[in-house]
Amino acid sequence: MNKIPDNRAWWLVLPVFLLVAFSALIPLMTVVNYSVQDIFGPGQAYYVGTEWFKEVLADERLRDSLVRQFVFSGFVLLIQIPLGIGVALMMPRSGIKGSLCLILIAIPLLIPWNVVGTIWQIFARGDIGLFGWGINQLGIDYNYTGDTLDAWLTVLLMDVWHWTPLVALLCYSGLRAIPEAFYQAAEIDRASKWAVFRYIQLPRLKSVLIIAVLLRFMDSFMIYIEPFVLTGGGPGSSTTFLSQTLTTMAIGQFDLGRAAAFSLIYFLIVLLISWLFFTAITHADKEK
Amino acid sequence: MSLTLENLSRTVDGIDYVRDANLTFEAGSFNVLLGRTLAGKTSMMRLMAGLDKPTEGRVLHRGEDVTGQSVQRRNISMIYQQFINYPTLTVYENIASPLRLAKMAKSEIDRRVKETASMLQIEPLLKRYPLELSGGQQQRTAMARALVKDATLVLFDEPLVNLDYKLREELRAELRELFRERQCIAVYATTEANEALALGGTTTLLHEGRVVQTGPVMDVYRAPTNTLAAQLFSEPPMNMIRGRVTSTEVTFDEYSHHALTQELEKLTPGDYWFGIRPSHISLVPTNDDDLEMSMEVALSEISGSETFMHVENSHFEMVMQLMGVHQYHTGAPVKVYLPVNKLFVFDSSEQLVHTPSRVSGGAL
Amino acid sequence: MRQTRSKNIGITIYILLLLTPVYWLLNMSFKTSREILGGLTLWPQNFTFDNYVVIFTDPSWYNGYLNSMAYVSINVVITLLVALPAAYAFSRYKFLGDKHLFFWLLSNRMAPPAVFLLPFFQLYSSIGLFDTHIAVALAHCLFNVPLAVWILEGFMKGVPREYDEMAYIDGYSFPRFFIKVFLPMIRSGIGVTAFFAFMFSWVELLLARTLTAVDAQPIGAIMTRTIGASGIDWGVLAAAGVLTIIPGLLVIWFVRNHVAKGFALGRV
Amino acid sequence: MAEIQLKALAHSYIANPVGPDDYAIRQLDHIWHKGGAYALLGPSGCGKSTMLNIISGLVQPSEGEVLFDGKRVNELSPRDRNIAQVFQFPVIYDSMTVYENLAFPLKNNKVPAAKIKARVQEIAEVLEIEDKLHKKAKNLTADEKQKVSMGRGLVREDVSAILFDEPLTVIDPQLKWKLRRKLKQIHEQFDITMVYVTHDQLEASTFADKIAVMYDGQIVQFGSPTELFEAPNHTFVGYFIGSPGMNIVEVERCSGGVRFGSIVLPLEAWQLELLERIKSRNVKVGIRPEFIEISPVVSDETYAAEVLDIEDLGTYKIVTTQLGGQEMKVRQNEEFDATIGARIDLLFPKQWLLLYVDEFLVQEKQP
């Protein structure tokens with residue numbers, strides 16, 4: 001599909017550019033504005049240069065939540081990507097059964113994020129939740145509101161429950177695009193199940209898996225509502241992630257300078273990682 | 001009412017798709033662009049249609065320069081390789097769409113659509129959707145849409161290549177019929193030599209974006225300007241043998257010596273390329289001055305009515321096209337006879353110097 | 001690949017595990033709060049619709065759904081209207097800075113909403129749009145429009161450029177071709193994109209809650225507010241939760257055949 | 001190597017087929033002998049690919065049996081039938097090199113490494129791709145990729161048959177010729193049963209010793225390229241084989257022969273006797289353009305026809321004539337010349353004038 005070089009295409013792209021700029025550039029400029037000033041009140045603010053940035057980088061609380069965030073996103077990828085691939089491989093390839101499976105598996109994605117938090121809030125409680133009650137029946141004392149490890153495991157389990165379907169459906173659409181002739185050739189070459197996966201399915205899942213890892217890493221990196229509803233960030237601040245720290249700073253304590261500086265760093269990390277993935281995707285597209 | 005390409009070129013990112021093409025097609029002519037894949041056929045047609053802009057040169061339509069003119073305003077139509085029809089419209093609406101856009105009266109549209117559809121034998125399918133039809137019927141729908149609007153220029157980009165062998169034969173015959181009386185200019189791109197021969201009209205040989213030769217199909221076929229033109233216009237390729245002519249004899253590839261015959265005397269001594277069509281080589285001498293060569297059979301391919309025999313010796317190999325069935329074992333020795341009056345002769349810079357005399361009824 | 005028995009068992013187990021928490025929410029929504037706190041029961045002993053009645057009668061509850069539906073629909077319409085021409089440009093043309101623009105869109109899809117909370121609040125208040133459906137609809141464009149452009153561009157690449165050329169040759173002008181010929185050819189793509197825009201706008205809460213106070217409060221905000229209140233009425237909360245899943249299920253049912261391609265952002 | 005036999009085989013894609021139209025393949029018996037090079041020829045939609053997939057086991061026939069060397073294999077999957085297949089679009093494992101592609105089936109069969117290396121090297125030389133063994137498979141040209149997918153079948157010594165599903169579709173026209181020649185050489189060298197599906201008669205006849213012409217779900221003729229040309233068993237075969245196809249004219253019985261328009265064609269005694277016995281009204285006469293002669297002298301055996309059109313195809317000419325209200329195409333060599341509308345006298349050699357009743361050829365008892 002060779003594209004025609006034609007700059008008039010900008011007219012077609014202008015609406016998107018203006019709309020997204022309105023809801024992205026203007027707010028970003030305000031954040032940049034705050035991050036270099038100390039604001040006492042309306043009309044009273046003076047330039048402080050990179051002071052906020054230095055403070056924020058040194059801030060213990062922020063560095064902890066950044067580490068917590070990377071660890072969380074790391075676990076999310078480690079569990080959800082292989083599990084997602086496994087589920088996709090088990091899904092029937094086509095027909096009514098295929099669509100039914102697809103809809104049932106997609107249900108967690110349709111649930112508002114706060115309701116996901118609420119569901120697990122109820123489900124994991126020892127007294128009224130099947131999961132909490134079940135664990136306790138096994139003799140393990142499990143209380144996600146009290147014990148840090150239990151809280152972490154519950155948040156992680158909730159995220160796995162909530163987002164693995166996205167990875168599974170991404171891989172499923174990748175598998176569906178594999179022409180039947182490849183499976184026939186493998187059958188004729190007497191390839192084992194593992195060989196079929198390794199040499200036919202996996203190479204073809206590359207571009208889709210890159211997207212899955214990109215989406216999952218990014219979305220988990222900015223998670224806020226679900227853990228907030230489930231554990232409120234507790235016990236203590238063991239499940240307080242970046243977004244929550246930022247929001248409490250900006251809106252809670254109205255500490256604009258530091259919040260803005262921290263937001264910019266947060267956004268630059270996101271920008272860098274998505275650039276890495278974007279080049280990987282366009283590279284994979286070119287190869288195909 | 002002619003179409004002229006004036007030193008037309010198109011280079012994209014350093015690649016020359018069309019190089020300095022100069023061609024004129026008259027009204028009512030059927031013109032075939034013959035060349036291998038990536039020879040520039042499609043690029044040239046897109047320049048004619050105005051879908052692409054040339055990097056230099058002009059496209060003149062009825063003498064008027066239309067190079068810059070957008071496709072919408074030109075009265076042309078095009079048929080693609082992959083049966084392009086509007087999937088969301090019925091066959092009737094597909095054919096009618098150019099007329100509707102030209103704001104023609106409803107009754108007139110109906111009459112012309114039905115007339116064109118019956119001409120292409122798809123009238124019973126007018127209510128159906130293109131994707132429900134077979135490949136041949138889809139292509140006929142595309143052709144009907146192209147013909148219904150009486151365009152002055154109709155472009156075919158290898159339209160039959162995705163169809164069955166037999167269906168291709170039929171559609172070619174129908175195309176010849178359809179364009180016999182039309183006053184428009186038809187340009188048909190193909191990679192197959194026999195399609196150029198079957199469709200007649202003029203043939204333009206293209207190679208790597210350059211026009212090798214152009215002219216009425218039989219002139220180009222019978223008098224290829226150089227070895228490249230000869231190779232492009234024959235399937236299987238014309239046999240080419242290196243040879244040296246001295247005052248007394250001609251030696252092929254420093255191997256087989258033959259006396260100079262009346263035909264070849266005219267040639268000044270020197271190195272030449274000798275071309276002979278596979279169908280002109282025979283296993284039996286037809287006239288006394290035939291050049292006899294002893295070869296070995298490499299492979300014989302029988303195709304029912306004909307046999308393609310690959311013969312070779314230590315120096316060169318040739319392909320023969322014989323009528324009927326000839327069963328030979330690989331390696332069997334065989335004598336082949338080259339009628340001198342069927343020889344093409346090209347000089348050392350591969351330009352044509354002599355064409356077979358008797359075939360085209362008299363001197364070149 | 002034949003669907004062996006072991007695969008069927010595997011996928012059934014996964015689906016059962018996946019749906020158990022949702023079943024528990026459903027189970028909870030049909031229980032009276034007394035029965036909920038009384039002890040753990042697998043099946044509502046005394047079945048009741050009271051929780052749902054509460055939601056359908058109390059305006060402070062059902063207004064939440066209406067507001068959510070309002071801004072989600074506006075968002076879907078704006079997203080499609082804006083993304084369709086842009087996706088066409090990306091799929092057909094090379095233009096100055098197209099790569100950078102596409103990357104910039106991608107980065108916005110990945111932008112953490114938390115970063116934009118305060119600036120959004122001030123921006124929309126300054127232009128007097130605070131606490132209106134339009135505000136949330138526009139804010140959601142931040143991540144929905146880039147996603148829509150991605151998915152639509154993938155579907156549009158599936159339509160060979162010969163269709164455009166043929167239409168121009170037939171005499172179609174660009175707008176007429178785009179609406180009459182091109183859009184009908186990618187109907188399934190538009191349907192899938194609408195579903196994704198709906199889904200991501202419906203599930204988002206952070207921006208929706210920040211930009212609204214009373215008139216345009218989405219259901220999510222109302223649910224999270226009651227958590228803060230005195231004793232939580234779990235039954236009503238569960239019922240509210242169940243009702244937020246219904247719209248998503250309806251929409252995905254309509255696009256079930258093509259949604260898989262959408263998930264891969266049209267890259268497949 | 002296996003002898004492949006189809007016994008009372010039929011196949012329908014609908015659950016309970018009723019009339020003949022519901023069948024993709026109508027009831028037939030057929031044998032592909034060991035080591036033969038066969039072609040399955042027919043227009044698209046005639047059921048030839050379905051037949052190929054039934055042989056390879058990718059499709060289970062709804063009726064009848066498939067026997068390999070006399071053993072029923074219906075229930076066996078392709079992997080147990082020991083066949084190899086080359087598809088329309090080259091199917092190769094992109095992430096592997098050419099060597100790994102060729103070694104893949106052997107590795108799956110747990111063949112010792114040394115043996116694999118030797119075998120792959122040998123096959124690569126036969127296919128003339130030995131210099132590309134260590135290149136990534138996805139960078140090859142289309143015809144090289146087809147060679148690799150064919151090589152995956154050839155490396156296996158136990159392969160019972162190699163099936164080709166229109167393998168030359170994506171190959172450039174000028175390369176088709178070379179690949180076809182390579183297939184033929186390989187068949188002579190390996191003596192494996194090969195079944196080749198195509199709609200192109202030239203490809204079928206240059207590759208196969210025997211061609212099965214399929215039409216509307218039936219094998220209407222199974223014979224050598226020459227038999228199909230000289231004695232087409234069904235009017236469709238006459239039309240389909242040869243370019244242009246056989247002249248086929250509907251005729252009525254009359255005393256001493258058959259008639260169309262004002263033209264009377266005398267027939268042999270046995271043909272007349274046969275026409276007496278068979279009552280069907282569907283009687284046709286067929287003769288190939290290659291076999292009609294233009295006689296320089298008028299005699300009682302010649303028929304005066306009017307020249308309608310002359311097609312100059314370089315090495316030969318096709319003359320379209322009008323005779324008794326019917327169009328007759330005659331093939332002449334390059335030198336033929338005549339003006340449109342001129343009168344020429346056609347001669348129909350007895351042995352090439354074929355009689356068809358109900359679309360099938362009627363032949364004398366003995367042959």
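This is a short talk on strand pairing and domains in chain D, followed by the contact between chains C and B.

Okay, quick one today. Keep in mind that this is a predicted model.

Let's start with the domains of chain D. The assignment splits the chain into domain 1, covering 4-240, and domain 2, covering 247-361. How far apart are the centres of the two domains? Taken over C-alpha atoms, the separation is 38 Å. As for what touches what, seven residues of domain 1 of chain D are in contact with seven residues of domain 2 of chain D. On the domain 1 side of that contact, you get three nonpolar residues, four polar ones and no charged ones.

Now, the strands at the start of chain D. Take β1(D), residues 4-11. It pairs with β2(D), residues 25-32, in the antiparallel sense, and five bridges hold that pairing. If you want a spot to click on, D:L9 has D:L28 in β2(D) as its bridge partner. β1(D) also pairs with β4(D), residues 63-68, again antiparallel and again over five bridges. There, look for D:Q5, which sits opposite D:L67 in β4(D). While you have those strands up, remember the general rule that side chains in a regular strand alternate between the two faces of the sheet.

Moving along chain D, there's an open sheet of five strands. What order do the strands come in? Reading across, we have β16-β20-β17-β18-β19, with antiparallel pairing. The edges are β16 (293-294) and β19 (326-333) of chain D; each has a single partner strand, so one side of each has no neighbour in the sheet. Further in, β17(D), residues 302-312, pairs with β18(D), residues 316-323, antiparallel over six bridges. Your landmark for that pair is D:E306, which stands opposite D:Q322 in β18(D).

Last bit: chain C against chain B. The contact draws 14 residues from chain C and 17 residues from chain B. Which helices of chain C supply at least two residues each to the side touching chain B? Those are α8 (161-170) and α9 (174-185) of chain C. Of the elements on that side, α8(C) gives the most, with seven residues. And by class, the chain C side of this contact comes out as nine nonpolar, two polar and three charged residues.

So, to go back over the places to look at on screen: in chain D, the D:L9 and D:L28 bridge, then D:E306 across from D:Q322, and in chain C, helix α8(C) on the side that touches chain B. That's me done, thanks.

Technical notes
Residues numbered from 1 in each chain as written. Chains lettered and ligands numbered in written order. Predicted model: local features only at pLDDT ≥ 70, side-chain atom pairs only at ≥ 80, totals over all residues. Pairing = 2+ DSSP bridges. Helix = DSSP H or I, 4+ residues; strand = E, 2+ residues; numbered from the N terminus. Contact = placed C-beta atoms within 7 Å. Nonpolar A, V, L, I, M, F, W, Y, C, P; charged D, E, K, R; others polar. Domains from an automatic or database assignment.
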